[in-house]
Amino acid sequence: MKKRSNLSRLLEHAGNFRYLTIASWVLSAVSALLALVPFIYIWLILEEVLEVAPNFSQAQNLVHNGWMAVLFAVLSMLVYIAGLMCSHIAAFRVATNLRSSTMHHIVTLPLGFMDTFGSGKMRKIVNESSGATENYLAHQLPDKAGAIATPIGLLIMLLAFDWRLGVLSLVPVGLAFLIMMCMTGASMQRKMNEYQNALGDMSNEAVEYVRGIPVVKTFGQTVFTFKRFKASIDRYKEWVIAYTKELRLPMMFYTTAVNGVFAFLIAGALFLAGGGVSGNVSSQFLLNLIFYIIITPVISVTLTKIMFASENAMIVDDALRRIDSILEMEPLKETKAPERPKDFSISLKDVSFSYGGGTNAVDGVSLEIPQGKTIALVGPSGGGKTTLASLISRFFDVKAGSIKIGGVDICDIPKKELMDTVSFVFQESKLLKTSILENVAMGRQDATRQEIVQALEAAQCMDIIQKMPDGVDTVVGTKGVYLSGGEQQRVAIARVMLKNAPIVILDEATAFADPDNEARVQAAFRQLAKEKTVIMIAHRLSTVTKADEIVVLDQGKIVQQGTHESLLAEGGLYGDMWENYRTSVKWKVGKERIA
């Protein structure tokens, strides 16, 4: 199948606005040809001046020709502005549609997409890559149309007045064009891709670095603490230096050639005038020489426009490939015959999943979670706890095995119904920059104000509300007040309570809470867990001792399973973890006594 050109793909996103794009090319080409007409009137002015010299008072048409030159120059400018208006309207529509189609596709992808792809990289693709197409359609394509029309008009003019001088003018143009082709070929396309990769990596790492600034400032660290960010900057620096050095000589020769037309004309004129071709310098030859000297700068401007248009075409090609890298990702599969779970038990059978590396993050896990029971997932960092919980929420699809809720494979449950069935309290909950009321209302859009307040009460949030200047209507974030990590967590729990999903997953939900907030968060959890199927992920083993069952994961596999008491009697990894936890608690108490 023949690959479609980038231009045809962009015009598909323009809809009926594509006709404005085509109109902009026509208007730009007409404008370029009109811009050459003033040079004809300049030639007429020079001709009349040379004819009447030194009696310039005999010149009859200087004013008329001057005003005609001005008229066509202004007309060319107005036509060009009209072309740019058409191109900008169409370009804005294309960029908008590109962003819209990309974002619509993103919402169909697995919920864990952002964790693996990177928010900085995605932001760059959605905003900057679509923005590159806007500049290409709004400016570069109209300019390219004008740059194509200009040489045609110039060629006719250069050969019409004096073909010998015309040929001399075209020699450096040909050299410059060959050099330009070398700079904008396949090698340059590869370099452009490397540039965008380096820039994308640096943007992605910059986002992570900014998020970690509080840690850097708290512990007095430097940028070298963030080795990946520094490495991305170093890679970008090395690429820019190498790229600049590689293009140094070609760019120098191109600039010399494209601006050397004047030198060729002078050398050729001296040869033609003194080399016996015409014998003496006639007034007509002098007139043509002066005219060519005046018009040749247009050649360098035209070639430069073509070069930048070619470079921008490569940028657009790279931008579309990056947008395709998102659009080609497989969305979550939606079943054509959706089924409803008969209850809210969870069954995992031989579940395996990998993030793309050689080792499975979850490897052959089978687990039965009865409805209404509380299961705790514990184990060393990297053991697969969060990954397993994410698979149950269908943040990702399993690579092997199956996960069922109420006897129905989660892949056969409609996405909206699955989201209504499962609630997730993250380790670090995020609140939007809006009121507390609206943040909680995200749990259920049709909830009344009274229901939202009741959810806040159940989540132990009333002490937060009472100290806020506008109560539940207080805005949080950059334009309002700030909440501590534990307070944000309680508001997030209120949101989950309002949603009232029958399955709740708690991922290290007390990790950032101080002792007072942790006690309140635990009280909120007890309220939240009533008559629900609960999956808890925790490093603080004291928070899971009352769970109906504790599942110990290590290297993606279940290594132990049972109640707190049975696991302590069994020993093994859980026994070691419990002993380490008790030792750390005693150490903290001892340190507090010393202080």
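1. Strands here are DSSP runs of E with at least two residues, numbered from the N terminus. The model discussed in this note is a predicted one.

2. Strand β4 covers residues 400-405, and Ser402 lies in it. The relative accessible area of Ser402 is 18%, so this residue counts as buried, the cut-off being under 20%. Neighbours within four places in sequence aside, the residues in contact with Ser402 are Ser347, Leu348, Lys349, Val351 and Asp409.

3. On the nonpolar interior: the largest nonpolar core is made up of 44 residues. Within this core, Leu456, Ile493 and Ile550 have the most contacts. Helix α18, residues 485-499, gives the most to the core, namely 6 residues.

4. Ile550 deserves a separate entry. Setting aside neighbours within four places in sequence, Ile550 is in contact with Ala376, Val378, Val544, Gln560, Gln561, Gly562, Thr563, His564, Leu567 and Tyr574. Another core, of 30 residues, lies apart from the largest one; its members include Val408, Phe424, Ile535 and Leu553.

5. In soluble globular proteins, nonpolar side chains tend to be buried together. The surface should be read alongside that. Val63, Trp67, Val70, Val74, Met77, Leu78, Ile81 and Met85 make a nonpolar surface patch of about 840 Å².

6. Is Leu78, a member of that patch, buried or exposed? Leu78 is exposed because its relative accessible area is 52%, and the cut-off for exposed is over 50%. Leu78 is found in helix α3, which spans residues 62-106.

Definitions and conventions:
Residues numbered from 1 in each chain as written. Predicted model: local features only at pLDDT ≥ 70, side-chain atom pairs only at ≥ 80, totals over all residues. Heavy atoms only, no water. Patch = residues over 30% accessible without salt bridge, like charges linked within 9 Å, V, L, I, M, F, W, Y side chains within 5 Å. Areas by Shrake-Rupley, 256 points an atom, 1.4 Å probe, with all protein chains shown as cover. Salt bridge = Lys/Arg side-chain N within 4 Å of Asp/Glu carboxyl O. Helix = DSSP H or I, 4+ residues; strand = E, 2+ residues; numbered from the N terminus. Buried < 20%, exposed > 50% of the residue type's maximum accessible area, 1.4 Å probe, protein only. Contact = heavy atoms within 4.5 Å. Core = buried A, V, L, I, M, F, W, Y, C linked by side-chain atoms within 4.5 Å.
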